[in-house]
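Biologist: I would like to go through this structure with you. Could you take my questions one at a time?

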Amino acid sequence: MAYVGDTTTPLSIVILGTCDTKLLELLYLRSRILAHAEAASITLIDVGNSPAFDPAVSIPQDALLTKYGSSPQPDLSTFHRSEAMRIMTECATACLQNLNSTAPMHGVIAIGGSGGTSLTSAAMRCALPFLIPKLIVSTVASGDTASFVGETDITLMYSIVDIAGSNSILDSVMDNAAGAIVGMAQAFRKRQLVPKQLNTANLPPGSPLKQTKKKRRRIGITMFGVTTPCVNTIRHHLTSSSAPISNKSDDFEIFIFHATGHGGRAMEGLISATPSGLDAVIDLTTSEIADEIAGGVMSAGPSRLEAAAKAGIPQVISLGACDIVNFGSRRTLPRKFVDEQRNIYEHNSSVTLVRTNKEECKQIGEFVAGKLREHCTRPELVEVVIPEGGMSAIGKKGGVYEDREADEVLFATVQEGLRGSGVRVVRDERHVNDEGFARAVAERLLRLIEKGEGNG
């Protein structure tokens with residue numbers, strides 16, 4: 001039987017690096033990869049500013065520029081460093097995309113300082129889909145890495161010492177990295193073992209291979225600590241064999257996204273991804289919008305709520321944790337919130353919360369309604385469920401963030417803003433973590449899924 005990703009196929013690993021500054025280090029990394037997997041096929045791509053020559057370099061810098069750069073080939077020595085990096089990033093991205101589309105690629109590894117990490121991480125983020133192993137040994141892997149990783153699955157390994165020359169520490173780090181990328185690449189290749197062609201016509205009756213496989217639906221759900229009980233109930237309801245799921249041929253794979261800003265962006269990115277996208281969404285915890293409006297540290301940006309609406313997939317949206325704006329430790333809290341005598345709550349030593357006021361609640365409501373009105377391609381598959389009893393564990397009756405007047409401003413703004421849009425708005429008197437509320441949200445999504453397939 002023929003398989004995609006057969007283990008007889010050589011392990012294919014790509015190395016990215018600036019050979020003009022780190023050729024010896026890249027060659028050492030290459031040698032260690034071969035020591036861990038001697039039959040591996042290695043493609044070493046030079047993304048440096050100046051050409052470097054060695055027989056082990058598979059795609060030299062000038063060849064990269066010739067094939068993937070503009071015509072005539074630019075002389076990078078005449079460009080400012082930032083412009084030269086931009087050109088090489090574009091070329092490296094195009095090269096990775098081409099390599100991945102034309103032959104098996106089981107993993108990509110790079111080494112670099114701040115410049116090399118910026119260049120190679122950008123190429124990985126833009127060129128490669130989720131789950132292809134991506135590893136960078138970097139001198140800047142211990143600081144703020146958001147600009148390098150974004151919402152992708154890039155793995156960073158701190159080099160401890162600078163990536164310059166050879167010493168016992170750096171050599172050991174590089175050997176660990178080589179072993180890591182080989183291990184990840186082998187695991188990735190093994191996961192690709194699927195039948196290329198399978199003729200079940202001559203199989204005996206009752207053969208497991210002849211059984212109709214359940215259709216797996218990929219469901220994204222947003223969660224925060226203060227909405228966790230609701231999400232746990234929803235997840236159990238969707239995956240429990242006793243749940244009243246009308247179409248028993250369905251199977252649900254649940255993806256939980258922590259609504260920290262990065263989580264919301266990751267979910268929206270996955271919705272847009274092909275073929276690894278999501279089939280439906282329960283966007284229960286939309287608190288990242290509160291952070292976007294009020295200047296908190298967990299905003300997912302101004303495009304939040306757009307991806308699922310544009311994709312036209314079934315989705316149930318709620319207002320989980322929209323009573324909260326997130327900041328770091330108390331000392332990082334902007335002074336204006338203290339001066340305004342806002343309701344400030346220290347969630348823990350690293351997280352300080354501010355209760356959204358009426359003005360902010362109105363803006364959150366306008367954001368939600370505006371995004372859905374503008375971007376929904378199938379409004380009949382979208383419902384907004386409002387938890388009138390409270391939007392978070394600390395916002396329910398008697399909680400430290402109970403503020404019915406501010407809540408009502410948000411609820412009314414959403415309801416009025418979506419009037420006539422085709423998006424159904426439902427008010428539920430229970431609070432967000434009520435088990436009945438959670439089960440109702442799950443059932444609403446199931447009905448929308450059936451409706452989307454013409455069964456509802």
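**Sheet and helices**

Biologist: In what order do the 5 strands of the open sheet lie?
Modeller: This is a predicted model. The open sheet has 5 strands, and their pairing is parallel. Their order is S3-S2-S4-S5-S6.

Biologist: Which are the edge strands?
Modeller: An edge strand pairs on one side only. That describes S3 (41–46) and S6 (154–158).

Biologist: What does the twist average from one strand to the next?
Modeller: Take the sheet S3-S2-S4-S5-S6, strand by strand. From one strand to the next, the twist averages 20°.

Biologist: Which residue in S6 does Ile136 stand opposite?
Modeller: Strand S5 (residues 134–138) runs parallel to S6, and 5 bridges join them. Opposite Ile136 in S6 stands Leu156.

Biologist: At what angle does helix H3 run to S3?
Modeller: H3 covers residues 81–102. It lies across strands S2 (12–17) and S3. Its angle to S3 is about 160°.

Biologist: Are H12 and H13 roughly parallel or roughly antiparallel to each other?
Modeller: The axes of H12 (residues 358–375) and H13 (residues 404–417) come within 8 Å. They cross at roughly 20°. Angles under 35 degrees count as roughly parallel. Therefore H12 and H13 are roughly parallel.

Biologist: Is the crossing of H12 and H13 left-handed or right-handed?
Modeller: The two axes cross at roughly 20°. The crossing is right-handed.

Biologist: How many nonpolar residues does the contact of H12 with H13 have?
Modeller: Residues in this contact include Ile364 and Val368 of H12, and Val409 and Leu410 of H13. By class, 3 are polar, 5 are charged and the nonpolar residues number 8.

Note on methods. Residues are numbered from 1 along each chain as its sequence is written. This is a predicted model: local features need pLDDT of at least 70, side-chain atom pairs count only at pLDDT 80 or more; totals for chains, interfaces and linings use all residues. Side-chain values use heavy atoms; hydrogens and water are left out. Axes are lines fitted to C-alpha atoms, for helices over the stretch in contact, and angles run from 0 to 180 degrees between N-to-C directions. Helices (H or I, at least four residues) and strands (E, at least two) are DSSP runs, numbered from the N terminus. Angles under 35 degrees count as roughly parallel, over 145 as roughly antiparallel, 65 to 115 as roughly perpendicular and the rest as oblique. A crossing is left-handed if the near helix is turned anticlockwise from the far one by less than a right angle, and right-handed if clockwise. Contact means heavy atoms within 4.5 Å. Ala, Val, Leu, Ile, Met, Phe, Trp, Tyr, Cys and Pro count as nonpolar, Asp, Glu, Lys and Arg as charged, and the others, Gly among them, as polar. Two strands pair if DSSP finds at least two bridges between them.
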